[in-house]
Amino acid sequence: MLDWNLKTITPLQFAHFYLSKGCAFSVDHSVVREIDIKLLRYLRKYTDFFIDLSYHDYKLNTYPAHVVACAAVAGARKAVGLLPVWNTEIEELTETSWFEIEPCFNTLYK
């Protein structure tokens, strides 16, 4: 019936794509530490953590995969102390505005 023609892009794949393009910018400020390779590693780990967390909450499965990925990246940016949490550079990268991800972010980060 389906002819094995299934294509699904998961939030994790979206998030890793965004991270590969860079999710920390020169206009960002860190309230915790300077922006260095260690902070970027933590950014990836926290993103993976929030993606994993999203799989355990049914409410988060109602959002599109790219929105969950963006919310996870925003949560990771907040967790490592990058401000602003969502800026114009990351908005251009993801083609997603803060208003689109805010409800998902609030559910994920609570």
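**View 1. Phe49, a partly exposed residue of helix H2.** In this predicted model, Phe49 has a relative accessible area of 46%. That value makes Phe49 partly exposed, because buried residues fall under 20% and exposed ones over 50%. Phe49 sits in helix H2, which spans residues 37-54. Phe49 also contributes to a nonpolar surface patch. Its partners there are Tyr42, Tyr46 and Leu53. The patch covers about 360 Å².

**View 2. The Phe49 and Phe50 ring pair.** The whole structure contains six aromatic pairs. One of them joins Phe49 and Phe50. Their ring centres lie 5.3 Å apart. The planes meet at 65°, so the pair counts as edge-to-face, for which the angle must be over 60 degrees. Phe50 is buried, at 6% relative accessible area. Phe49 is partly exposed, at 46%.

**View 3. The aromatic cluster.** Ring pairs connect five residues: Phe49, Phe50, Trp98, Phe105 and Tyr109. Phe49 therefore belongs to this cluster and to the nonpolar surface patch with Tyr42, Tyr46 and Leu53.

**View 4. Helix H1 and its buried face.** H1 runs over residues 11-21. Pro11, Ala15, Tyr18 and Leu19 are buried in this helix. Viewed down the axis of H1, the buried residues fall within an arc of 100°, so they line one face of the helix. The general rule is that an α-helix has 3.6 residues a turn, so residues three or four places apart point the same way. The cover over the buried residues of H1 includes H2, helix H3 (65-79) and helix H4 (88-94).

**View 5. The other face of H1 and the residue after the helix.** Ser20 and Lys21 are exposed. Both lie on the face of H1 turned away from its buried side. Gly22 follows H1. Its phi is positive, near 105°.

**View 6. The Arg77 and Asp28 salt bridge.** The structure holds one salt bridge. Arg77 pairs with Asp28. Their closest N and O atoms are 2.9 Å apart. Arg77 lies in helix H3, and Asp28 in the loop between H1 and strand E1 (29-30), so the pair ties together parts that are 49 residues apart in sequence. Both Arg77 and Asp28 are buried. In general, side chains of opposite charge can pair when their charged atoms come close.

Conventions
Residues are numbered from 1 along each chain as its sequence is written. This is a predicted model: local features need pLDDT of at least 70, side-chain atom pairs count only at pLDDT 80 or more; totals for chains, interfaces and linings use all residues. Side-chain values use heavy atoms; hydrogens and water are left out. Rings of Phe, Tyr and Trp (its six-membered ring) pair if their centres lie within 6.5 Å; planes under 30 degrees apart count as stacked, over 60 as edge-to-face and the rest as tilted. Buried means under 20% relative accessible area, exposed over 50%, partly exposed in between (1.4 Å probe, protein chains only). Patches are made of residues with over 30% relative accessible area and no salt bridge: like charges are joined within 9 Å, nonpolar side chains (Val, Leu, Ile, Met, Phe, Trp, Tyr) within 5 Å. Accessible areas come from the Shrake-Rupley method with a 1.4 Å probe; for residues, only the protein chains shown count as cover. A salt bridge is a side-chain nitrogen of Lys or Arg within 4 Å of a carboxyl oxygen of Asp or Glu. Helices (H or I, at least four residues) and strands (E, at least two) are DSSP runs, numbered from the N terminus. The arc is that of the directions from the helix axis to the C-beta atoms. Contact means heavy atoms within 4.5 Å.
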